[in-house]
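Please look through the model shown here, beginning with a charged side chain and its partners and moving on to the nonpolar interior.

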Amino acid sequence: MYHITVNNRLSSSLPHRRKAVQAAFVRSVTQVSMGWAARTQRDMQKAGLYARGDLIRSIRAQVRARGRLVEGTLVANTKYAEWVHDGRKPGKMPPMKPILDWVHVKRLTGRYSVKTHRRLGNKYVQRFEDFELARQIQWAIYLRGIRPRPFFDQSFEDHKTWAHRALVKALPEQVGKAWRE
(Lines give C-alpha, C1' and ligand atoms only; values in the text may rest on other atoms or scores of the structure.)
Protein backbone atom coordinates (compact mmCIF):
# COMPACT_ATOMS: atom_id res chain seq x y z
CA MET A 1 0.00 0.00 0.00
CA TYR A 2 1.40 3.40 -1.01
CA HIS A 3 0.19 6.90 -0.37
CA ILE A 4 0.20 10.24 -2.16
CA THR A 5 -0.50 13.03 0.33
CA VAL A 6 -1.11 16.65 -0.62
CA ASN A 7 -1.47 19.45 1.95
CA ASN A 8 -4.08 21.94 0.81
CA ARG A 9 -2.78 25.24 2.26
CA LEU A 10 -4.51 27.19 -0.48
CA SER A 11 -8.01 26.61 0.91
CA SER A 12 -7.19 28.45 4.16
CA SER A 13 -6.02 31.53 2.26
CA LEU A 14 -9.19 31.51 0.13
CA PRO A 15 -12.07 30.99 2.58
CA HIS A 16 -14.77 31.95 0.08
CA ARG A 17 -13.61 29.19 -2.33
CA ARG A 18 -12.62 26.58 0.26
CA LYS A 19 -14.98 23.80 -0.92
CA ALA A 20 -14.20 24.33 -4.60
CA VAL A 21 -10.45 24.31 -4.00
CA GLN A 22 -10.71 21.21 -1.79
CA ALA A 23 -12.71 19.44 -4.51
CA ALA A 24 -10.06 20.45 -7.05
CA PHE A 25 -7.34 18.92 -4.88
CA VAL A 26 -9.37 15.72 -4.52
CA ARG A 27 -9.91 15.51 -8.29
CA SER A 28 -6.19 16.02 -8.93
CA VAL A 29 -5.10 13.33 -6.48
CA THR A 30 -7.79 10.97 -7.84
CA GLN A 31 -6.56 11.49 -11.38
CA VAL A 32 -2.94 10.78 -10.45
CA SER A 33 -3.81 7.82 -8.21
CA MET A 34 -5.91 6.17 -10.90
CA GLY A 35 -3.13 6.65 -13.44
CA TRP A 36 -0.65 5.15 -11.00
CA ALA A 37 -2.92 2.13 -10.44
CA ALA A 38 -3.20 1.59 -14.20
CA ARG A 39 0.57 1.81 -14.60
CA THR A 40 1.08 -0.67 -11.75
CA GLN A 41 -1.36 -3.10 -13.35
CA ARG A 42 0.44 -2.80 -16.70
CA ASP A 43 3.83 -3.36 -15.07
CA MET A 44 2.54 -6.44 -13.27
CA GLN A 45 1.27 -7.92 -16.53
CA LYS A 46 4.65 -7.32 -18.17
CA ALA A 47 6.41 -8.98 -15.21
CA GLY A 48 4.12 -12.03 -15.44
CA LEU A 49 2.56 -11.59 -11.99
CA TYR A 50 -0.80 -13.04 -12.84
CA ALA A 51 -2.48 -16.42 -12.97
CA ARG A 52 -6.17 -15.58 -13.26
CA GLY A 53 -5.77 -11.81 -13.14
CA ASP A 54 -7.42 -11.44 -9.71
CA LEU A 55 -4.45 -9.64 -8.19
CA ILE A 56 -4.11 -7.21 -11.08
CA ARG A 57 -7.84 -6.46 -11.17
CA SER A 58 -7.89 -5.88 -7.41
CA ILE A 59 -5.46 -2.94 -7.49
CA ARG A 60 -7.44 0.20 -6.80
CA ALA A 61 -6.85 3.84 -5.99
CA GLN A 62 -8.68 5.23 -2.96
CA VAL A 63 -8.78 8.96 -2.24
CA ARG A 64 -9.68 10.41 1.14
CA ALA A 65 -9.82 14.04 2.25
CA ARG A 66 -9.11 14.80 5.93
CA GLY A 67 -9.21 18.47 6.69
CA ARG A 68 -6.56 20.12 4.55
CA LEU A 69 -4.84 16.83 3.67
CA VAL A 70 -5.85 14.87 0.58
CA GLU A 71 -4.51 11.33 0.55
CA GLY A 72 -4.45 8.93 -2.39
CA THR A 73 -3.79 5.29 -1.57
CA LEU A 74 -2.99 2.35 -3.83
CA VAL A 75 -4.31 -0.97 -2.45
CA ALA A 76 -4.63 -4.58 -3.62
CA ASN A 77 -7.80 -6.18 -2.25
CA THR A 78 -6.99 -9.88 -2.50
CA LYS A 79 -6.17 -12.25 0.31
CA TYR A 80 -2.89 -13.35 -1.24
CA ALA A 81 -1.53 -9.95 -2.34
CA GLU A 82 0.46 -9.73 0.89
CA TRP A 83 2.14 -13.10 0.19
CA VAL A 84 3.02 -12.16 -3.37
CA HIS A 85 4.40 -8.77 -2.36
CA ASP A 86 6.22 -9.68 0.86
CA GLY A 87 6.86 -13.38 0.30
CA ARG A 88 6.26 -16.12 2.84
CA LYS A 89 8.71 -17.68 5.25
CA PRO A 90 8.88 -21.47 5.45
CA GLY A 91 7.28 -23.31 8.34
CA LYS A 92 3.58 -22.57 7.95
CA MET A 93 1.20 -24.50 5.71
CA PRO A 94 -0.53 -22.25 3.13
CA PRO A 95 -4.25 -22.65 2.35
CA MET A 96 -5.11 -25.28 -0.26
CA LYS A 97 -8.00 -23.58 -2.10
CA PRO A 98 -6.04 -20.80 -3.89
CA ILE A 99 -3.35 -23.28 -4.96
CA LEU A 100 -5.97 -25.73 -6.21
CA ASP A 101 -7.70 -22.96 -8.18
CA TRP A 102 -4.37 -21.88 -9.66
CA VAL A 103 -3.46 -25.44 -10.71
CA HIS A 104 -6.88 -25.85 -12.35
CA VAL A 105 -6.77 -22.52 -14.21
CA LYS A 106 -3.22 -23.06 -15.45
CA ARG A 107 -4.13 -26.59 -16.63
CA LEU A 108 -0.97 -28.06 -15.12
CA THR A 109 -2.24 -31.61 -14.65
CA GLY A 110 -4.20 -34.21 -16.57
CA ARG A 111 -4.29 -35.62 -20.03
CA TYR A 112 -5.68 -33.61 -22.92
CA SER A 113 -7.18 -34.72 -26.20
CA VAL A 114 -4.97 -34.01 -29.20
CA LYS A 115 -7.99 -33.40 -31.37
CA THR A 116 -10.26 -31.26 -29.16
CA HIS A 117 -7.71 -30.00 -26.57
CA ARG A 118 -10.20 -30.86 -23.82
CA ARG A 119 -9.19 -32.50 -20.62
CA LEU A 120 -9.84 -36.26 -20.43
CA GLY A 121 -11.34 -38.14 -17.50
CA ASN A 122 -14.37 -37.51 -15.34
CA LYS A 123 -14.54 -34.65 -12.87
CA TYR A 124 -13.46 -36.82 -9.93
CA VAL A 125 -10.29 -37.94 -11.71
CA GLN A 126 -9.58 -34.36 -12.73
CA ARG A 127 -10.06 -33.08 -9.17
CA PHE A 128 -7.80 -35.82 -7.80
CA GLU A 129 -5.04 -34.99 -10.30
CA ASP A 130 -5.32 -31.27 -9.46
CA PHE A 131 -5.33 -32.05 -5.73
CA GLU A 132 -2.17 -34.19 -5.99
CA LEU A 133 -0.18 -31.40 -7.63
CA ALA A 134 -1.66 -28.70 -5.36
CA ARG A 135 -0.66 -30.76 -2.31
CA GLN A 136 2.93 -31.02 -3.58
CA ILE A 137 3.04 -27.27 -4.20
CA GLN A 138 1.60 -26.67 -0.73
CA TRP A 139 4.36 -28.78 0.84
CA ALA A 140 7.03 -27.02 -1.22
CA ILE A 141 5.78 -23.66 0.06
CA TYR A 142 5.70 -25.06 3.60
CA LEU A 143 9.32 -26.22 3.32
CA ARG A 144 10.87 -23.43 1.20
CA GLY A 145 8.53 -20.45 1.48
CA ILE A 146 7.71 -18.01 -1.30
CA ARG A 147 10.14 -15.54 -2.80
CA PRO A 148 8.87 -11.94 -2.50
CA ARG A 149 7.81 -10.08 -5.65
CA PRO A 150 7.44 -6.46 -4.44
CA PHE A 151 5.21 -5.09 -7.19
CA PHE A 152 4.21 -1.94 -5.26
CA ASP A 153 7.83 -1.08 -4.41
CA GLN A 154 8.90 -1.46 -8.02
CA SER A 155 5.95 0.59 -9.27
CA PHE A 156 6.66 3.31 -6.72
CA GLU A 157 10.30 3.58 -7.77
CA ASP A 158 9.48 3.49 -11.49
CA HIS A 159 6.63 6.01 -11.43
CA LYS A 160 7.26 8.45 -8.58
CA THR A 161 8.72 11.11 -10.88
CA TRP A 162 5.76 10.63 -13.24
CA ALA A 163 3.32 10.95 -10.32
CA HIS A 164 5.02 14.14 -9.13
CA ARG A 165 4.97 15.70 -12.60
CA ALA A 166 1.35 14.64 -13.19
CA LEU A 167 0.27 16.08 -9.84
CA VAL A 168 2.13 19.35 -10.48
CA LYS A 169 0.38 19.54 -13.86
CA ALA A 170 -3.10 18.52 -12.63
CA LEU A 171 -3.28 20.79 -9.58
CA PRO A 172 -3.15 24.15 -11.41
CA GLU A 173 -5.64 22.89 -14.00
CA GLN A 174 -8.15 21.71 -11.39
CA VAL A 175 -7.70 24.73 -9.12
CA GLY A 176 -8.08 27.03 -12.15
CA LYS A 177 -11.36 25.31 -13.03
CA ALA A 178 -12.53 25.66 -9.44
CA TRP A 179 -11.54 29.33 -9.43
CA ARG A 180 -13.53 30.04 -12.63
CA GLU A 181 -16.67 28.31 -11.28
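Is aspartate 130 buried or exposed? In this predicted model, aspartate 130 is buried, with a relative accessible area of 4%, a value that falls under the 20% taken as the limit for a buried residue. The residue sits in helix α6, which spans residues 123–144. Leaving out residues up to four places away in sequence, aspartate 130 touches Leu100, Val103, His104, Thr109 and Arg119. With one of these, threonine 109, there is a polar contact from side chain to side chain at 2.5 Å.

Another of these neighbours, arginine 119, forms a salt bridge with aspartate 130, in which the closest N and O atoms are 3.0 Å apart. This pair links distant parts of the chain, since arginine 119 lies in the loop between α5 and α6 while aspartate 130 belongs to helix α6, eleven residues apart. Arginine 119 is itself buried, with a relative accessible area of 16%. Salt bridges that share partners join Arg119, Glu129 and Asp130 into one network. The side chains of arginine 119 and glutamate 129 meet in a salt bridge of 3.0 Å, N to O, and this pair, ten residues apart, likewise links the loop between α5 (96–106) and α6 with helix α6. Glutamate 129 is buried, as is arginine 119.

A search of the whole structure finds five salt bridges, and one of them joins aspartate 54 to arginine 57, with the closest N and O atoms 2.7 Å apart. Because aspartate 54 and arginine 57 are three residues apart in helix α3, about one helical turn separates them. Aspartate 54 is partly exposed, with a relative accessible area of 24%. In general, side chains of opposite charge can pair when their charged atoms come close.

From the charged pairs we turn to the nonpolar interior. The largest nonpolar core has 13 residues, and those with the most contacts inside it are Met44, Leu55, Ile59, Leu74, Ala76, Phe151 and Phe152. Two or more residues each are given to this core by α2 (18–47), α3 (54–58), β3 (69–76), α4 (81–86) and α7 (151–180), and the largest share, three residues, comes from α2. Phenylalanine 151 offers a view of this packing: setting aside its neighbours within four places in sequence, phenylalanine 151 is in contact with Met44, Leu49, Leu55, Ile59, Ala81, Val84 and His85. Apart from this core lies another, of eleven residues, among them Val32, Ala166, Leu167 and Val175.

Technical notes: Residues numbered from 1 in each chain as written. Predicted model: local features only at pLDDT ≥ 70, side-chain atom pairs only at ≥ 80, totals over all residues. Heavy atoms only, no water. Core = buried A, V, L, I, M, F, W, Y, C linked by side-chain atoms within 4.5 Å. Buried < 20%, exposed > 50% of the residue type's maximum accessible area, 1.4 Å probe, protein only. Helix = DSSP H or I, 4+ residues; strand = E, 2+ residues; numbered from the N terminus. Contact = heavy atoms within 4.5 Å. Polar contact = N/O pair within 3.5 Å; in protein donor to acceptor, adjacent residues only side chain to side chain. Salt bridge = Lys/Arg side-chain N within 4 Å of Asp/Glu carboxyl O.
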